[in-house]
Amino acid sequence: TPTVYMPGNYYYFFVLTDNNSSCLPDTSSYAHVGIYENATITKDPIPFQTICFGETPDTLSFEGWGGTGWALEWFINTDSSYIGSQTAPNAFSPDFIPPDTLSPGSHYYYCVFSDIGFSQCGSDTTIISHVKVIDEPISNFFFSDSLGLVYFTNQSIYATSWEWGFGDGDSSSLENPTHQYDTAGTYSATLISSNQCGTDSTSKIIVIIATDIYQIGSMLNIYP
C-alpha cells in the first residue's frame, strides 16, 4: 500500500527476480497513483458594490484550485443566504458579469466550484457578493406647523443626502428638520434630494398666519 500523502503523481512497478537461477527478472506494468488537492476557492469575488439602475455591474471573479476537472455554477438570491437561491442564467465562467437589467434593490451572487474529473475531489463555495442597485432619488415631504414652528417629514426614496430651503433665506441639510418662521406670510419650501445617481427636487407652499398682536399689526395697512 503506497504511503505518500503529498499531492502529486506517483508511479509504482514491481520487479520479479529469481535468486536461484540465472533467469532474467521481469518487470510489471506501471501503476499510477495520483494525489490531488480538494477543490478550493483561493480568491473570492468582491463582497459588495453599489450601482445605479441601468448600469452594468463590475465583474464578479474568483480563482480556484484542486482536482482534475472543474465545473462551476453561479447562483443568485434575494437575501444574503445560500438557501433558496436560483441558478444565474448563462453563468458558467469564473468571470461573471451580472446583467444591467437588475431592478433597484439588493441582489446576491455566489459560485459553487466543483471537481468533476476522475479524482472527484469535492467542491467549494465562494463568499456571497452583494450587488446593490439604486435608482435616482424621488423627492417628497409633508409638514405640520404649530404657531409658526414647522415640522418637516422627509418622504423621499433612494436619497442619501438632503438640502432644504425654507423660503425665508434659511436652509438645512438634516433629513427631518424643524424651522421657526418669525413672520407671517407665504413661503415656498423646497427639498433637493440626492444620491450618487442624481438629484430631484420638490416644493410646497407654506402659509404662516399671524397669531399675536405684533404679527397682525405688521400685516395691516391703516388708511385715514
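The protein in this predicted model has one helix and 21 strands. Its chain runs to 224 residues, and 31% of them count as buried. The accessible surface comes to about 14,100 Å², with 54% of that belonging to carbon and sulfur atoms. Contacts often bridge long stretches of chain: among those between residues at least 6 apart in sequence, 55% join residues at least 24 apart.

**The nonpolar cores**

Let's start inside. In soluble globular proteins, nonpolar side chains tend to be buried together. Here, the largest nonpolar core has 16 residues, and the members that touch the most others are F62, W74, A88, F96, Y109 and V131. Strands β9 (70-77), β12 and β14 each supply at least two residues of this core. Which strand gives the largest share? That is β12, with three residues. Another core lies apart from this one; it has 13 residues, including A159, Y181, Y187 and A189.

**Two buried polar residues**

Now for two residues worth a look in your viewer. H107 sits in strand β12, which covers residues 105-115. Is H107 buried or exposed? With a relative accessible area of 12%, H107 falls under the 20% cut-off and so counts as buried. The side chain of H107 reaches the backbone oxygen of S103 at 2.8 Å. Leaving out residues up to four places away in sequence, H107 touches N77, L102, S129, H130, V131 and V133. One of these neighbours, V131, is also among the core members with the most contacts to other members.

T126 belongs to the loop between β13 (123-125) and β14. Although T126 is in a loop, its relative accessible area is 1%, and T126 is therefore buried. A polar atom of the T126 side chain lies 3.0 Å from the backbone nitrogen of C111. Beyond residues up to four places away in sequence, T126 touches I41, D44, P45, F62, Y82, Y110 and C111. F62 has come up before, as one of the members of the largest core that touch the most others.

**Loop residues on the outside**

Several other loop residues have more to show to solvent probes, and the table puts four of them side by side.

| Residue | Loop | Relative accessibility |
|---|---|---|
| S28 | between β3 (26-27) and β4 (31-35) | 30%, partly exposed |
| N90 | between β10 (86-87) and β11 (95-96) | 74%, exposed |
| I138 | between β14 (129-134) and β15 (141-146) | 44%, partly exposed |
| L147 | between β15 and β16 (149-154) | 67%, exposed |

Two of these residues have a backbone feature to check. Phi of N90 is near 55°, a positive value in a residue other than glycine. L147 is not a glycine either, yet its phi is positive too, at about 55°.

S28 and Y12 make a pair to measure for yourself: they are 16 residues apart in sequence, while their C-alpha atoms are 9.1 Å apart in space.

Which residues join I138 in a nonpolar patch on the surface? They are I157 and Y158, and the three together have about 260 Å² of accessible area. Why does I138 count as partly exposed? Its relative accessibility is 44%, and partly exposed means a value between 20% and 50%, so I138 fits that class.

Key
Residues numbered from 1 in each chain as written. Predicted model: local features only at pLDDT ≥ 70, side-chain atom pairs only at ≥ 80, totals over all residues. Heavy atoms only, no water. Helix = DSSP H or I, 4+ residues; strand = E, 2+ residues; numbered from the N terminus. Buried < 20%, exposed > 50% of the residue type's maximum accessible area, 1.4 Å probe, protein only. Polar contact = N/O pair within 3.5 Å; in protein donor to acceptor, adjacent residues only side chain to side chain. Contact = heavy atoms within 4.5 Å. Patch = residues over 30% accessible without salt bridge, like charges linked within 9 Å, V, L, I, M, F, W, Y side chains within 5 Å. Areas by Shrake-Rupley, 256 points an atom, 1.4 Å probe, with all protein chains shown as cover. Salt bridge = Lys/Arg side-chain N within 4 Å of Asp/Glu carboxyl O. Core = buried A, V, L, I, M, F, W, Y, C linked by side-chain atoms within 4.5 Å.
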